Each structure stands twice: as structure tokens, then as C-alpha cells.
Amino acid sequence: MTEFNDLTIGDHTLAARVPVVDSEDAFVPAVNKAYCWPATISDITQDINENKKVLLTGHTGTGKTSLFMQLAARIGQPVMRSNMNGQITVGDFVGMWTVQGGQTVWTDGVLPYCMRHGFWLVLDELDFAEPAILAVLNSVLEPKGSLMLKEKGHEVVRPHKDFRLFATANTVGCMQEYRSLYQGTGIINEAFLDRWRVYLIDYLKPEDEAKVIAESVPRMRENITQVMVRVMSLVRESFKKDEIRCTFSTRRGLDWAELMVRHRHPLKAAESSIFSKVSPEDAETIKGIIKRVMNLREE
């Protein structure tokens with residue numbers, strides 16, 4: 001079994017997990033040394049210690065899911081992720097009866113499995129979840145909440161002391177105005193949101209974002225990295241001014257950087273990492289920003 005150390009952030013410490021069996025190691029995320037903690041990390045760490053249900057909202061690619069995964073990676077905490085993109089059923093989430101070897105057996109879904117074994121469960125894109133799944137969560141979200149498996153003779157699953165429930169979303173609360181940017185999301189009412197501690201995760205500060213790109217793509221020259229971050233910031237400013245309908249995630253910036261190393265030209269690198277992912281009008285605007293900031297000649 002791998003040994004892990006406690007993680008101290010500010011005034012708060014997350015205790016290292018003591019694994020029960022070797023198989024738990026497979027569910028412990030890998031450490032990303034380039035990850036940069038957001039300003040709210042101290043509060044979130046305290047919330048985890050207090051067993052609060054934490055929901056992170058913000059634009060795609062701001063590191064919402066990575067925050068939970070990187071905390072877990074550093075203390076050896078097993079994690080499961082469940083994408084609420086409409087593909088997961090209530091049976092997948094809660095459990096179901098199946099036939100195995102000619103016998104009918106119960107198979108736990110991801111929620112009761114994590115509750116029983118003390119895993120962290122991260123619900124990605126909660127604003128895409130089916131109403132039936134959100135209804136299942138209500139009892140678990142209550143203080144000292146539990147889960148009743150009606151299909152299994154009303155068995156009650158009480159959470160392991162290490163179990164934590166987290167979620168991410170793009171259009172919750174203060175992000176509602178961007179719902180048109182994330183097609184297919186549903187409306188989560190305030191009564192449901194009141195069961196969560198909600199934090200807005202914004203893009204990193206330019207100096208932090210440059211550091212993340214430099215450490216993730218070490219072949220990038222420092223001066224080029226800083227110029228790239230300037231482009232990313234200007235695109236986001238244009239988005240906030242409603243000049244374009246797309247933003248610029250850190251994830252997209254990392255992809256651009258990797259292709260920049262391959263092609264050695266910002267516009268060529270941007271073809272598949274940026275331009276092909278947005279409308280032709282937005283692509284032209286972003287191309288103009290790249291040319292202006294990077295002082296490129298007209299082609």
C-alpha cells in the first residue's frame with residue numbers, strides 16, 4: 001500500500017487516508033504538480049473537514065473537478081467521478097438487481113458504493129442531471145443524511161466517516177446568465193442549492209496561468225507563454241463584453257501550447273485547438289487578437 005502524508009493548506013489540514021485494501025490505490029488520482037490552487041481553497045478544505053457538500057460552479061476548464069482530484073491525490077483519498085450528462089440512469093447511480101451465474105444479485109450503484117467504502121464522489125456537470133437523480137440526492141444531502149434503497153427491501157445505507165459528496169456545474173447560481181453557452185443544462189432550484197456550499201471558480205491569475213502552462217508544457221519558452229496568456233485574457237474580456245460567444249479555458253490554452261511546440265506557429269497551432277471549436281465569426285475575432293498580441297504579419 002502507498003503511504004501518504006497529511007496536507008496542510010492555510011490553517012486547515014486534511015488527514016492522509018489510511019487505505020483498507022490495496023485495490024483502493026487504483027481509485028487515488030495522480031498528482032499534477034502543475035495544478036494551482038484557487039483563492040477559495042482554504043475555505044473548501046475546511047468545508048471538507050466539516051463534511052459539507054461542496055459544489056463548484058464556473059466556466060469549463062477552470063479546474064473545478066481537478067481541485068477535488070488534486071486534494072485527494074495528495075492525501076491518498078479514493079475518488080469516483082460520475083458524469084451527469086444524461087447518459088447515467090438512476091439504476092447506474094443507485095444500483096440494480098442483475099443476473100449473475102444464474103442467480104439474481106444486487107449491484108450497488110456509484111452512490112451507495114462510495115457511501116459504504118468511504119470514497120469521495122464527484123458529480124460532474126450536475127446541471128445536466130436527470131430530475132430523478134437529483135431527487136435521490138435529497139436525503140443524502142441532509143445533515144447526517146442516508147440513502148434508502150427501496151428496490152433492495154428499503155435497506156438504509158449510512159455513510160462511512162470518510163465519504164464526501166462534491167459536484168461541479170457550469171450554469172448554477174451566479175452562472176445562470178451563461179446557460180445559452182452550455183446547451184442542454186437544466187435549472188437547479190434554490191431549495192436544492194441550499195443543501196450545498198457553492199463556490200465560484202474563476203480563471204487563474206495571469207501569472208498563475210502562465211506558470212501552469214510552463215510546467216505542463218516545459219518546452220514552451222517563458223516569453224511565449226506570457227504572450228499566450230495575454231491572448232487568453234483578451235478573449236475572455238471580449239466574451240464578457242458580448243463581443244464573442246466563446247470563452248478561453250485553461251484546458252484550451254494547454255492544448256494550444258502543446259500544438260505550438262509541434263507546429264512552431266501560433267495560428268497553425270490554433271486551427272484544431274481553438275478555431276475549429278468556435279463559430280467562424282468568433283474564430284476571426286480570436287485570430288485578430290492573436291495577430292495583434294503576437295505581432296504577426298498578415299498571411
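Here is a short chat between a student and an author about this predicted model.

Reader: Let's start simple: how many helices and strands does the chain have?
Author: Good place to begin, since helices and strands are the pieces we'll keep pointing at. In this predicted model, the count comes out as 11 helices and 11 strands.

Reader: Is the chain compact or stretched out, and why?
Author: For 299 residues, the globule rule gives 19 Å as the radius of gyration. The chain's own value is close to that, so it counts as being as compact as a globular protein of that length. The radius of gyration of the chain is 21 Å.

Reader: What does the C-alpha trace span along its principal axes?
Author: Picture three axes drawn through the C-alpha trace of the chain. Along them, the span is about 70 × 40 × 40 Å.

Reader: Which percentage of the residues is buried?
Author: Buried here means under 20% relative accessible area. Out of the 299 residues in the chain, the buried share is 49%.

Reader: And what about contacts: what share joins residues at least 24 apart?
Author: Take the contacts between residues at least 6 apart in sequence. Among those, the share that joins residues at least 24 apart is 71%.

Reader: How many positive and negative side chains are there, and how far apart are their centres?
Author: The chain carries 36 positive side chains and 39 negative ones. Work out the centre of each set, and the distance between the two is 2 Å.

Reader: Let's zoom in. Is leucine 123 buried or exposed, and why?
Author: Leucine 123 sits in strand β7, residues 120-124. Its contacts beyond four places in sequence include Met84, Phe93, Leu137 and Phe166. With a relative accessible area of 0%, under the 20% cut-off, leucine 123 is buried.

Reader: Which side chain does the side chain of threonine 65 make a polar contact with?
Author: You'll find threonine 65 in helix α2, residues 64-75, and it is buried, with a relative accessible area of 14%. Leaving aside neighbours within four places, threonine 65 touches Arg81, Val122, Asp124 and Thr168. The polar contact, at 2.5 Å, is with the side chain of aspartate 124.

Reader: Where is arginine 17, and is it buried or exposed?
Author: Arginine 17 lies in the loop between β2 (12-14) and α1 (41-49). Its contacts beyond four places in sequence include Glu24, Ile75, Pro78 and His160. Its relative accessibility is 6%, and because that is under 20%, arginine 17 counts as buried.

Reader: What does the side chain of arginine 17 have within polar reach?
Author: A polar atom of that side chain lies 3.2 Å from the backbone oxygen of histidine 117. The side chain of arginine 17 also makes a polar contact, at 3.0 Å, with the side chain of aspartate 162. So the two partners to remember are histidine 117 and aspartate 162.

Reader: Which helix holds threonine 250, and which residues does it touch?
Author: Threonine 250 is in helix α9, residues 250-263, and at 9% relative accessibility it counts as buried. Skipping neighbours within four places in sequence, the residues in contact with threonine 250 are Gly61, Tyr203, Glu209, Val212, Met232 and Arg236.

Reader: What is the phi of aspartate 242?
Author: Aspartate 242 is in the loop between α8 (222-240) and α9. Aspartate 242 is exposed, with a relative accessible area of 59%. Its phi is positive, in a residue other than glycine, and is near 65 degrees.

Reader: What about arginine 264: where is it, and what is its phi?
Author: Arginine 264 lies in the loop between α9 and α10 (266-273). At 66% relative accessibility, arginine 264 counts as exposed. Its phi is a positive value too, near 60 degrees.

Reader: Last one: how far apart in space are asparagine 138 and valine 293?
Author: Asparagine 138 is in helix α5, residues 131-141, and it is partly exposed, with a relative accessible area of 28%. Not counting residues up to four places away, asparagine 138 touches Phe192 and Arg195. Valine 293 is 155 residues away from asparagine 138 in sequence. From C-alpha to C-alpha, the two are separated by 49 Å.

Key
Residues are numbered from 1 along each chain as its sequence is written. This is a predicted model: local features need pLDDT of at least 70, side-chain atom pairs count only at pLDDT 80 or more; totals for chains, interfaces and linings use all residues. Side-chain values use heavy atoms; hydrogens and water are left out. Helices (H or I, at least four residues) and strands (E, at least two) are DSSP runs, numbered from the N terminus. The radius of gyration is taken over C-alpha atoms; the globule rule is 2.2 Å times the number of residues to the power 0.38. Buried means under 20% relative accessible area, exposed over 50%, partly exposed in between (1.4 Å probe, protein chains only). Contact means heavy atoms within 4.5 Å. Lys and Arg count as positive and Asp and Glu as negative; His and the chain ends are not counted. The place of a charge is taken as NZ of Lys, CZ of Arg, CG of Asp or CD of Glu. A polar contact is a pair of N or O atoms within 3.5 Å; within protein, one must be able to donate a hydrogen and the other to accept it, and residues adjacent in sequence count only if both atoms are side-chain atoms.
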